[in-house]
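Okay, thanks for squeezing me in. I'll put the structure up and then walk you through a few parts of it.

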Amino acid sequence: MKKIVRVAAGQGFWGDDLDAPRRQVEGGQVDYLMLDYLAEVTMSILQKQKERDPSLGYARDFVGAMESVLPAVLERGVKVVANAGGVNPAACAVAVKAAAEKAGSKGGLKIGVVSGDDLLDRLDQLIQSGHPLANMETGEQLSAVRDRVLSANAYIGSEPIVEALAKGANVVITGRSTDTALTMAPLRHEFAWSATSWDQLAAGIVAGHIIECGAQCSGGNCLYDWRSIPDLANVGYPLVEVKPDGTFVVTKHPNTGGRVSVQTITEQLVYEMGDPHSYITPDVIADFTTITLAPDGENRVLVSGIKGKPPTDKLKVSVAYRAGFKAVGTLVYAWPDALEKAQLADRVLRERLDRLGLRFERILSEFVGANATHGNLAGDQSDAPEVQLRFGVRGSDRAAVERFTREIAPLVLNGPPSVTGFAGGRPKVEEIVAYWPALIDKSVVTTKVDLIQ
Amino acid sequence: MKVRLVDIAHARSGDKGDTANVGVIALEPRWYKVLDEFVTRSRVTDHFRGMIDGDVDRFELPNLNALNFLLHGALDGGGTLSLKTDAQGKVFSTALLRMVIDVPDAEAERLQLPAAK
């Protein structure tokens, strides 16, 4: 058994730095490269792509990432775990294999494909057999939006990834795996942690939570002493060095920018946090109030003491559904009295929409530069040098939203004075794909692992 | 003595649906108890009045010198439904740091808290 396993994060979301995966395998010693591509709404975007072309529906950036790390995988035995499969892990594997062979891999890739998270084709049967998939926030039954559902996936845990690694895969591609399982599964595999080693499993989950957003734990988006964080242009992505007992060090490669400190790690630990006593995953419930952080040299933080407890018998399900249309228009008003002018424009616009008989489910106006992010807490901004009116509408009637987008430009000549910043043209109408969180019994979700060589 | 939260804490926020979370972390470990004592659930509820529609939950993490607040109904529906600039609550953290707390002079001096100017 290895004494230390190193897992590096190379992608915090679909759209992250394209070169980060390569830098992570070339910048220092690494055993596993973890790539997280899936945010809540990503699955629905991929589902739309798959509907247009059945060979798509995965994060295509991953193919390029695999090409860039191929030498490390083939020559140095670095293994890759990624949830790039989206709604089509098998097609993702085919594309990766083709690209690798073209680059001369000579069958050196053994790709484990994890499936079973996709519930879209089973939805009606699940609802009929007593799984209402009620919205966790509102309590509403899924049947209310059933005809507008685009995708439905269960968040699956570490088990099938561990299985793929045990079968000898050096690349594991999953669909809607939890972000944290991508880090925890390799540790569980290497250290042979049992399914009831609660404290170790929880430590693996915390390690995953810390690195799953890439550089957001290594100096990116860090408020603490932000002016002193060096060389963000060459920010180092994080990696964890984990021991069999589950204690680990968070660090980054030498000669990179950014910072790993108790403060940068603490900011990431509280990011998107709910009840810290119960960070629920399919494998284990981690207690964030048991985490101990300690400095361990330059750009190194030791993490220990983590306690875990058994998980629930449910899995979280992410359903995406069509939820109408929206558009946002903006205009900039200049001093003097910039805010007052923008406020008058807001009233004029609302009255015109009203006279046109346009009805929306929601209208929101913000005054950027005065109150958009801090509301009334921002205090008096009547002397601001400029204020942007940011006016948004949302509704189920596409034509009404479309008509609204024609009402912004006229204000330049027939509204309040000192207005500019309309060069972007008419606002674009966007279809809203909304997120519906639900729970389902674990027993009805069966995962499967296929090996492609 | 009046103390600005921004002078004694740092923070990060994120979202879960229509709920924003704000984790607020003491800049010096010895200042955590000031956060714990003065940045109460009711203080934060008052602070965000008019900005959020729902309740506030508070959790303590003494191990990280941090408090975690859940601000329900903060994001105009949240996710893709929201029309807000800050639809994912990314900078709610900085709005919390605008809070000014009133710490008894003796305690403030003992802990060397920076006074609000």
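**A walk through chains A and B**

Let's start with one residue pair: A:V81 stands opposite A:V172, which sits in β6(A). Before I go on, keep in mind that this is a predicted model.

So, the strands around that pair. β3(A) and β6(A), the latter covering residues 171-173, run parallel and are joined by 3 bridges. β3(A) also pairs with β2(A), again in the parallel sense, and there it's 4 bridges. If you want a landmark for that pairing, look at A:Y32, which stands opposite A:K79 in β3(A).

Now, are the faces of β3(A) covered or not? Both of them are covered. On one side you have A:K79 and A:V81, on the other A:V80 and A:A82, and all of these are buried. Yes, that includes the lysine, A:K79.

Next up, helix α7 of chain A, residues 181-191. How many of its 11 residues are buried? It's 10, so the helix is largely enclosed by the rest of the structure. Among the buried ones are A:L182, A:M184 and A:L187, but also A:R188, A:H189 and A:E190. And what covers them? The cover includes the strands we just talked about, β2 (32-35) and β3 (79-82), along with β1 (5-11), β7 (238-242), α6 (159-166) and α8, all of chain A. Right after the helix comes A:A192, and its phi is positive, near 50°.

Hold on to α8, since that helix comes back in a moment. Further along chain A there's an open sheet of 3 strands, in the order β9-β10-β13, with antiparallel pairing. Its edge strands are β9 (279-280) and β13 (307-309), each pairing on one side only. β9(A) is tied to β10(A), residues 285-287, by 2 bridges, and these two run antiparallel. One of the residues to click on is A:I280, whose bridge partner in β10(A) is A:I285. And here's α8 again: this helix of chain A, residues 198-211, packs on the sheet and touches β9, β10 and β13. Its direction makes about 110° with that of β13(A).

A quick stop at an arginine. A:R300 is in the loop between β11 (292-295) and β12 (301-304) of chain A. Buried, exposed or partly exposed? A:R300 has 15 C-beta neighbours inside 10 Å, so it counts as partly exposed. Leaving out residues up to four places away in sequence, A:R300 touches A:V249, A:T251 and A:V260. With A:V249, the separation is 51 residues in sequence but 6.3 Å in space, C-alpha to C-alpha.

Zooming out to the whole chain: chain A is divided into domain 1, which is 5-117 + 155-311, and domain 2, which is 321-434. The C-alpha centres of those two domains lie 40 Å apart.

Last bit, the contact with chain B. Here 31 residues of chain B are in contact with 43 residues of chain A. Which strands of chain B supply at least two residues each to the side that touches chain A? They are β2 (9-16), β3 (19-26), β4 (56-61) and β5 (66-71). The largest share, 6 residues, comes from β2(B). By class, that side of chain B has 12 nonpolar, 11 polar and 8 charged residues.

That's my tour, happy to rotate things around if anyone wants another look.

Methods:
Residues numbered from 1 in each chain as written. Chains lettered and ligands numbered in written order. Predicted model: local features only at pLDDT ≥ 70, side-chain atom pairs only at ≥ 80, totals over all residues. Pairing = 2+ DSSP bridges. Contact = placed C-beta atoms within 7 Å. Axes fitted to C-alpha atoms, helices over the stretch in contact; angles between N-to-C directions. Buried ≥ 20, exposed ≤ 12 C-beta atoms within 10 Å, placed from the backbone. Domains from an automatic or database assignment. Nonpolar A, V, L, I, M, F, W, Y, C, P; charged D, E, K, R; others polar.
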